[in-house]
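Let's take a walk through a protein model together. Keep the picture open beside you and look up each residue as it comes along.

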Amino acid sequence: KLPESLKDVKLPESLGKKTETQRTQYVWFIDSEPEGAAVRIGGTEVGQTPLAQENLYSAEEVSFELVLPGYRTFKGTFRGQENARVTAKLSKLGKKK
């Protein structure tokens, strides 16, 4: 129940509506087990897992790599211009004989 002082508050008509200048915000999130892997997109390191950023990539498949010393490089994709979540379980490198 609203307090009496808030009952007469008028909300803007635009609340909850998208204007022509606004855009939908999409986010991509990449995590790994174990955490701390370098995230590379197009050969450029963009951060370490866990990592979330605004998904400003064009609406196509975006390739990425997760690199962590002692583990196999994980290669994956997510789609640009939509919410994306990837969780990768990294595999340890075997001992060389």
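## Starting in the middle

Let's jump straight in at a pair of neighbours: Ile-41 has Phe-64 in β5 as its bridge partner. Ile-41 is a good way into strand β2 (residues 38-41), which is joined to β5 by four bridges, with the two strands running antiparallel. Before going further, keep in mind that this is a predicted model.

On its other partner, β6, strand β5 also runs antiparallel, and here six bridges do the joining. One of these matches involves Val-62, whose bridge partner in β6 is Phe-78. What holds paired strands together in general? Strands of a sheet pair through backbone hydrogen bonds, and they can do it parallel or antiparallel.

## The whole chain

Now zoom out. The protein chain has seven strands and zero helices, so to speak a run of β-β-β-β-β-β-β when you read along the sequence. The chain has 97 residues, and 26% of them count as buried.

The accessible surface adds up to about 7,600 Å², with 50% of it belonging to carbon and sulfur atoms. As for contacts with a separation of 6 or more, 42% are between residues 24 or more positions apart.

## A three-strand sheet

Three of the strands form an open sheet with mixed pairing, in the order β4-β1-β7. Which strands sit at the edges? They are β4 (51-54) and β7 (84-89), each of which pairs on one side only. From one strand to the next, the twist averages 10°.

Strand β1 (residues 27-33) and β4 run antiparallel and are joined by four bridges. If you want a spot to look at, find Phe-29, which stands opposite Ala-52 in β4.

## Two faces of β5

Back to β5, where the side chains take turns. Which ones are buried? Val-62, Phe-64 and Leu-66 point to one face and are buried, whereas Glu-61, Ser-63, Glu-65 and Val-67 point to the other face and are not. Phe-64 has a relative accessible area of 3%, which is under the 20% cut-off, so it counts as buried.

The hairpin of β5 and β6 has six residues between the strands, and in it Gly-70 takes a positive phi near 90°.

## Rings that meet

Time for the aromatic residues. How many aromatic pairs does the structure hold? There are four. In one of them, the ring centres of Tyr-57 and Phe-78 are 5.9 Å apart and the planes stand at 75°, so this pair is edge-to-face. Tyr-57 belongs to the loop between β4 and β5 (61-67), while Phe-78 is in strand β6 (residues 74-79), so the pair ties together parts that are 21 residues apart in sequence. Tyr-57 is partly exposed at 27% relative accessibility, but Phe-78 is buried, with a relative accessible area of 4%.

Another pair, Phe-64 and Phe-74, is tilted, with 6.1 Å centre to centre and 35° between the planes. Phe-64 is in strand β5 and Phe-74 in strand β6, 10 residues apart, and their pairing links distant parts of the chain. Phe-74 is partly exposed, with a relative accessible area of 26%. Put the ring pairs together and you get a cluster that links Trp-28, Tyr-57, Phe-64, Phe-74 and Phe-78.

## Two buried residues to look up

Asn-55 is found in the loop between β4 and β5. Is this residue buried or exposed? Asn-55 has a relative accessible area of 2%, so it counts as buried. Its side chain reaches the backbone oxygen of Glu-82 at 2.7 Å. Setting aside neighbours within four places in sequence, Asn-55 is in contact with several residues, including Tyr-26, Trp-28, Phe-78 and Glu-82.

Ala-88 has its place in strand β7, and at 3% relative accessibility Ala-88 is buried too. Which residues does Ala-88 contact, leaving aside neighbours within four places in sequence? They are Asp-31, Ser-32, Glu-33, Leu-66 and Phe-74. Ala-88 and Glu-35 are 53 residues apart along the chain, yet their C-alpha atoms are separated by 9.5 Å.

Key:
Residues numbered from 1 in each chain as written. Predicted model: local features only at pLDDT ≥ 70, side-chain atom pairs only at ≥ 80, totals over all residues. Heavy atoms only, no water. Buried < 20%, exposed > 50% of the residue type's maximum accessible area, 1.4 Å probe, protein only. Contact = heavy atoms within 4.5 Å. Areas by Shrake-Rupley, 256 points an atom, 1.4 Å probe, with all protein chains shown as cover. Pairing = 2+ DSSP bridges. Axes fitted to C-alpha atoms, helices over the stretch in contact; angles between N-to-C directions. Phe/Tyr/Trp six-rings, centres within 6.5 Å; stacked < 30°, edge-to-face > 60°. Polar contact = N/O pair within 3.5 Å; in protein donor to acceptor, adjacent residues only side chain to side chain.
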